[in-house]
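Look at the chain below before reading on. The text then walks through the fold one part at a time.

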Amino acid sequence: MDSLINKDVPHICDTVNKTLELAEFRSAALTRTFDLRYDLISALVERWRPETHTFHLPCGECTVTLEDVALHFELPINGDAVTGVSAIVEPAALCYSLLGASPGDADPTFSELKFTWLKAIFQHLSVNATEEELVCAARAYIMHIIGGVLMPNSNNNKVHIQYLPLLADLRNVRSYSWGSAVLAMLYRELCLTTKPDTVDMGGCLVLLQSWALYRMPFLASVGEVHGINKRGKHGQH
């Protein structure tokens, strides 16, 4: 995530960091990616019950809650719902307005922004960047956090443009319940992944893995994880 902003220019970093604090995205920005334990995640998916949105484990029934999201990311869990239209009528105009640029080779009706494009535009801001350019960079950084950490798709290489209008007034970003959106998407992805034909999984897997290891330390043992896998398979008929 840090690669989106050039750390060699202190005043750019300072301005973006202040904006992240204003939007209450600072802690989410500090999240460090780590290797995912796919054996652990697969074991949890096997024990997920869509009808109750809970995991049925040998130790009991449990689930990720808004408290866990707040503890992990310090995102707002109260406020307006994070909603948006799935199709933006003029996405290029929206991007020019809020990001100062638009993907030139994109389809006129594009609905997602590639991380590679965001990095190409904002990674090398001029030391003489204007205040408006710095604000655009902050919006791009938040979009990268949303699509790369908080609510990634299964490919983890794009972010949906529907979130961009919510960043128009950066002073108002904190009024949305971003924590609720993160949790809702994770629940949805867990439900979708229980289907036999599902290959990949989106959602905040960093949160899922951290929650599991923090709330149930015994899962840190590889042997215990394998044990859950076996019990999960034997328990499903």
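What follows moves from a sheet to the nonpolar core and then to the charged pairs.

This is a predicted model. Begin with the sheet. It is open and has 3 strands, in the order 1-2-3, with antiparallel pairing. Strand 1 (48–49) and strand 3 (60–62) are the edges, and each of them pairs on one side only. Strands of a sheet pair through backbone hydrogen bonds, in a parallel or antiparallel manner.

Take the pairing of strand 1 with strand 2 (residues 54–57). These strands run antiparallel and are joined by 2 bridges. Arginine 49 faces threonine 54 of strand 2 across this pairing. The hairpin of strand 1 and strand 2 has 4 residues between the strands. One residue of this hairpin, histidine 53, has a positive phi near 55°.

Now cross to the other side of strand 2. Strand 2 and strand 3 run antiparallel, with 3 bridges between them. Here phenylalanine 55 stands opposite cysteine 62 in strand 3. The connection from strand 2 to strand 3 is a hairpin through 2 residues.

Next comes the interior. In soluble globular proteins, nonpolar side chains tend to be buried together. In this model the largest nonpolar core has 73 residues. Which of its members touch the most others? They are Phe25, Leu150, Trp178 and Leu208. Helix 7 (residues 131–150) gives this core its largest share, 13 residues.

Two of these core residues deserve a closer look. Start with tryptophan 178. Setting aside neighbours within four places in sequence, tryptophan 178 contacts Phe25, Leu75, Pro76, Val82, Ile146, Met151, Tyr163, Leu166, Leu167 and Val173. Phe25 is itself among the core members that touch the most others. Ile146, another contact of tryptophan 178, falls within the residue range of helix 7.

Turn to leucine 208. This residue sits in helix 9 (residues 205–215). Is leucine 208 buried or exposed? Its relative accessible area is 0%, so leucine 208 is buried. Beyond neighbours within four places in sequence, leucine 208 is in contact with Ile41, Leu44, Phe55, Val64, Leu186, Leu190 and Met201. Phe55 links this picture back to the sheet, where phenylalanine 55 stands opposite cysteine 62. Leucine 208 also shows how the chain returns to an earlier stretch. Leucine 208 and leucine 40 are 168 residues apart in sequence, but their C-alpha atoms are 9.7 Å apart in space.

Helix 9 also takes part in a charged pair. Its partner is aspartate 68, which lies in helix 4 (residues 66–73). The side chains of arginine 215 and aspartate 68 form a salt bridge, at 2.6 Å from N to O. Arginine 215 is in helix 9 and aspartate 68 in helix 4, so the salt bridge ties together parts that are 147 residues apart in sequence. How do the two ends differ in exposure? Aspartate 68 has 8% relative accessibility, so it counts as buried. Arginine 215 has 37%, so it counts as partly exposed. The 2.6 Å approach of these two side chains is also a polar contact. Outside the four places on each side in sequence, aspartate 68 touches Thr63, Leu207, Trp211 and Arg215.

How many salt bridges are there in total? The count comes to 6. Two others can be described here. Glutamate 112 forms one with lysine 158, and their closest N and O atoms are 3.9 Å apart. This pair links distant parts of the chain: glutamate 112 belongs to strand 4 (residues 112–114) and lysine 158 to strand 5 (residues 158–160), 46 residues apart. Glutamate 112 is partly exposed, at 31% relative accessible area. Lysine 158, at 28%, also counts as partly exposed.

The last pair is arginine 171 with aspartate 169. Their salt bridge brings the closest N and O atoms to 3.1 Å. Arginine 171 is exposed, with a relative accessible area of 62%. Aspartate 169 counts as partly exposed, at 33% relative accessibility.

Conventions
Residues are numbered from 1 along each chain as its sequence is written. This is a predicted model: local features need pLDDT of at least 70, side-chain atom pairs count only at pLDDT 80 or more; totals for chains, interfaces and linings use all residues. Side-chain values use heavy atoms; hydrogens and water are left out. Two strands pair if DSSP finds at least two bridges between them. A nonpolar core is a set of buried Ala, Val, Leu, Ile, Met, Phe, Trp, Tyr and Cys residues joined through side-chain atoms within 4.5 Å. Buried means under 20% relative accessible area, exposed over 50%, partly exposed in between (1.4 Å probe, protein chains only). Contact means heavy atoms within 4.5 Å. A polar contact is a pair of N or O atoms within 3.5 Å; within protein, one must be able to donate a hydrogen and the other to accept it, and residues adjacent in sequence count only if both atoms are side-chain atoms. A salt bridge is a side-chain nitrogen of Lys or Arg within 4 Å of a carboxyl oxygen of Asp or Glu.
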